Amino acid sequence: TKPLVAQQASACSLVVGMPEEDTVVFTGSVAKAKRPDIWRQKRVFFCTPQIVNNDINSGAFDARSVSLIVIDEAHKATGNYSYSLVVKAIAATTRYFRVLALSATPGDTVEAVQHVIANLLISRIEAKSEDDDDVSPYVHTTQLEMIKIPFSDEMRTINGVFLDLLRKPLEGLSSGGLFWTTDPEKVSSQLLLMKYQEFQANPTVAGDKRGHMISCFTSGIKLFGWYKVFITEGARALLMKMEDFKSEAQARTASKGLANSEEFRLVYEAAQEVVEGSKETGVNRNHPKFAKLEELVTEHFQDRGDDTRVMIFIHSRDTVQEVVELLESHKPLIKAKAFVGQAGGRTAGLKQKEQK
């Protein structure tokens with residue numbers, strides 16, 4: 001993002017001491033006509049990966065001139081994200097460049113981490129924790145408490161029918177000899193994506209059967225992505241994903257089969273029942289951790305007053321709004337405010353000046 005680009009440029013100018021005349025902050029606001037000259041004149045570029053990828057593809061930037069590419073938030077290098085495409089484009093023109101990839105959250109599974117390693121051509125890994133001597137001086141004292149939230153009865157009901165839905169693409173892949181299990185609890189969307197890319201690079205079937213296998217892969221990747229949303233964010237977030245898909249499926253023949261399946265209907269109706277029940281009762285039952293969050297935040301302000309602040313990190317902007325609505329019911333004790341960027345989503349985000 002643009003703010004992160006500026007942040008990195010500022011930090012590097014203070015720490016590394018690079019000559020200012022050799023560096024440039026490069027964002028989409030720079031006119032396309034000016035970019036080729038900037039690429040030729042400067043030596044160090046702070047920019048979003050989309051800028052690099054677009055200018056390599058248009059010929060405005062010669063990828064052969066790269067000697068080092070530093071990638072922050074490297075865990076995003078999955079699928080066709082620009083990080084992966086940029087490294088691939090540079091590697092196609094020269095072998096003589098280095099990649100330094102940084103991430104505080106490289107992945108939640110071995111498969112996810114390995115996928116990033118493969119996409120960025122990583123050959124050496126250095127892992128650091130807050131206990132390392134060269135890290136600890138910069139880490140604030142923190143107290144970490146993990147609270148495990150068990151599934152509610154409603155969540156268990158959705159989970160049961162969801163596992164049946166997840167088995168459908170796995171059964172198709174297994175029957176085609178492309179996957180070794182039909183047990184969804186042993187599979188992740190990252191693992192499916194990796195196998196799909198292997199299949200695309202070296203397809204073992206042809207014709208109609210190949211099309212069916214591609215359909216099984218793509219629907220499986222989508223469904224396992226939804227499953228993660230359900231596990232982490234609950235019934236409302238899942239229902240929104242499924243409603244969007246149902247709308248899109250009307251114009252896509254390949255998606256209609258999934259949207260019209262009995263398994264899809266059962267998951268949709270189970271999630272819908274929980275969401276509607278929450279609205280009717282005024283009690284958020286979309287995920288049991290919402291009740292725990294409400295309890296913890298309320299207790300915090302009751303005990304410490306209004307001279308403290310609480311930050312709640314949430315994966316999706318739709319769920320941000322759900323949490324704000326939950327906590328707003330405790331006004332004036334809790335003054336909740338959504339803090340999200342402008343890109344995408346159903347609700348308008350904050351402009352960069354407002355964020356500051």
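In the predicted model, L68, V70, L100 and L102 together make a nonpolar surface patch of about 350 Å². One member of this patch, L68, lies in strand β3, which spans residues 68-71.

Aromatic contacts were examined next. A search of the whole structure finds 17 aromatic pairs. One of these is formed by Y81 and Y83, whose rings are arranged edge-to-face, with 5.2 Å from centre to centre and 75° between the planes. The arrangement is classed as edge-to-face because the angle of 75° is over the cut-off of 60 degrees. The two partners are covered to differing extents: Y81 is partly exposed, with a relative accessible area of 27%, whereas Y83 is buried, with a relative accessible area of 14%. Y83 counts as buried because its value of 14% falls under the limit of 20%.

A further aromatic pair, formed by F162 and F230, is tilted, with a centre-to-centre distance of 6.0 Å and an angle of 40° between the planes. This pair links distant parts of the chain, since F162 belongs to helix α6 (residues 153-175) and F230 to helix α8 (residues 207-233), with the two positions 68 residues apart in numbering. Both F162 and F230 are buried.

Ring pairs also join F26, W39, F45 and F61 into a cluster. Finally, a contact between a charge and a ring is found at Y268: the charged end of K246 sits over the ring of this residue, 4.1 Å from the ring centre.

Key. Residues numbered from 1 in each chain as written. Predicted model: local features only at pLDDT ≥ 70, side-chain atom pairs only at ≥ 80, totals over all residues. Heavy atoms only, no water. Patch = residues over 30% accessible without salt bridge, like charges linked within 9 Å, V, L, I, M, F, W, Y side chains within 5 Å. Areas by Shrake-Rupley, 256 points an atom, 1.4 Å probe, with all protein chains shown as cover. Salt bridge = Lys/Arg side-chain N within 4 Å of Asp/Glu carboxyl O. Helix = DSSP H or I, 4+ residues; strand = E, 2+ residues; numbered from the N terminus. Phe/Tyr/Trp six-rings, centres within 6.5 Å; stacked < 30°, edge-to-face > 60°. Buried < 20%, exposed > 50% of the residue type's maximum accessible area, 1.4 Å probe, protein only. Lys NZ or Arg CZ within 6 Å of the ring centre and 35° of its normal.
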